[in-house]
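Trainee: I have just opened this one and would love a guided tour. Could we take it step by step?

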Amino acid sequence: MDLGDCYRLLGLRSGASFADIKASYRRLAQQYHPDINPSDKKAQDKFIALTEAYRFLLTVVPPEDTAPKSKQSPASSSENIKATHSEKAPTATVTDEKSAPSKPPNIIEIEQRLKWKTYEQLQRFLRERRFPQAIALAEALAARLPKDPEVRQWQAIAYQIWGRALINENQLLKARVYLKKALKTDPHNKALWEEVQRDFQKLEQIF
């Protein structure tokens, strides 16, 4: 889900203000809330999509008249990602700003906030086994930060975790697709490669 999709889901034009985003979400959330539509699966799915779009936009669009806060420290790794996640924290410092003069400091700050808030949400989706949402979130972040090696790693791990879950659900062809995506996304990650090879061995045993 990219920024344009988020705005469209909330019925807004790209670049809408923080206040407009909150107002639109509140209105639509009331309309599609599961408590109001207890037996309507489409309404419930719409509510989930609205909430994800809203949370995503809040990480990108700062409140009016509020200066960007200092960089937040990264969240602790979840059990799913801890094995292959680098322990080194990102450094969005003055040095980074000098090395990327085309980006104003506030854009660098926003991107770092977006990255780590999205990482926290990705962990939550994986713990809750909400794999399609986790994949969509990882792909959206990778589209925004295509050169970030940690983001690419998280995306690959999300593919691998879902591929393994699909094996357990006996969706073998789909599992193979996502395991291959994991290797293609982060081909030099040795720990990930070993995990995927074990998953492929399990697939071969089932076939």
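Here is a conversation that goes from the overall fold to single residues.

Trainee: Before we begin, which pattern does the chain follow along the sequence?

Mentor: Keep in mind that this is a predicted model. The chain has 10 helices and 0 strands. Read along the sequence, the pattern is therefore written with helices alone: α-α-α-α-α-α-α-α-α-α.

Trainee: What percentage of the residues in the chain is buried?

Mentor: A residue counts as buried when its relative accessible area is under 20%. The chain has 207 residues, and the buried share of them is 43%.

Trainee: Among contacts between residues at least 6 apart in sequence, what percentage joins residues at least 24 apart?

Mentor: Contact here is a matter of heavy atoms within 4.5 Å. Among contacts in the chain between residues at least 6 apart, the share that joins residues at least 24 apart is 63%.

Trainee: Let's look inside. Which residues touch the most other members of the largest nonpolar core?

Mentor: The largest nonpolar core has 54 residues. Helices that each supply at least two of its residues include α1 (3-9), α2 (18-32) and α3 (41-60), along with α6 (105-127) and α10 (190-206). The members that touch the most others are L10, I21 and L122.

Trainee: Which helix gives the largest share of this core?

Mentor: Among the helices that each supply at least two residues are α7 (131-144), α8 (149-168) and α9 (172-185). The largest share is 11 residues, and these come from α8.

Trainee: Where does this core lie with respect to domain 1 and domain 2?

Mentor: Domain 1 covers 3-60 and domain 2 covers 107-205. Both domains give residues to the core, so the core lies between them.

Trainee: Which residues does I21 touch, leaving out those up to four places away in sequence?

Mentor: I21 is one of the core members that touch the most others. With residues up to four places away in sequence not counted, I21 touches Y7, L10, L12, A16, Y54, L57 and V61.

Trainee: And S24, is that residue buried or exposed?

Mentor: S24 sits in helix α2, and beyond its neighbours within four places it is in contact with L10 and L12. Its relative accessible area is 6%. Because buried means under 20%, S24 is buried.

Trainee: Which residues is L114 in contact with, leaving aside neighbours within four places in sequence?

Mentor: L114 is part of helix α6 and counts as buried, at 0% relative accessibility. Its C-alpha atom is separated by 9.7 Å from that of V61, 53 residues apart along the chain. Leaving aside neighbours within four places, the contacts of L114 are F56, T59, V60, L141 and R144.

Trainee: How far apart in space are K117 and T59, C-alpha to C-alpha?

Mentor: K117 also lies in helix α6, and at 27% relative accessibility it counts as partly exposed. K117 and T59 are 58 residues apart in sequence. In space, C-alpha to C-alpha, they are 7.0 Å apart.

Trainee: Which residues is A134 in contact with beyond its neighbours within four places?

Mentor: A134 has its place in helix α7 and is buried, with a relative accessible area of 1%. The C-alpha atoms of A134 and Q121 are separated by 8.1 Å, while the two residues are 13 apart along the chain. Beyond neighbours within four places, A134 is in contact with L122, F125 and L126.

Trainee: Which elements give two or more residues to the lining of the second largest cavity?

Mentor: The structure holds 2 cavities of 30 Å³ or more, and the second largest has about 30 Å³ of space. Its lining consists of T118, L122, L137, A138, L141, V151, W154 and Q155. These divide into 6 nonpolar, 2 polar and no charged residues. The elements that give two or more of them are α6, α7 and α8.

Trainee: One last stop: where is N170 found?

Mentor: Most residues other than glycine have a negative phi. N170 has a positive phi of about 65 degrees although it is not a glycine. N170 is exposed, with a relative accessible area of 54%, and its place is the loop between α8 and α9.

Conventions:
Residues are numbered from 1 along each chain as its sequence is written. This is a predicted model: local features need pLDDT of at least 70, side-chain atom pairs count only at pLDDT 80 or more; totals for chains, interfaces and linings use all residues. Side-chain values use heavy atoms; hydrogens and water are left out. A nonpolar core is a set of buried Ala, Val, Leu, Ile, Met, Phe, Trp, Tyr and Cys residues joined through side-chain atoms within 4.5 Å. Buried means under 20% relative accessible area, exposed over 50%, partly exposed in between (1.4 Å probe, protein chains only). Helices (H or I, at least four residues) and strands (E, at least two) are DSSP runs, numbered from the N terminus. Domain bounds come from an automatic or database domain assignment. On a 1 Å grid over the protein atoms alone, a cavity is a set of points where a 1.4 Å probe fits but cannot get out, and a pocket is an open set with protein on both sides within 12 Å along at least five of seven lines; lining residues have an atom within 4 Å of a point. Grid points are joined across faces, edges and corners, and a volume is the space filled by probe spheres set on the points. Ala, Val, Leu, Ile, Met, Phe, Trp, Tyr, Cys and Pro count as nonpolar, Asp, Glu, Lys and Arg as charged, and the others, Gly among them, as polar.
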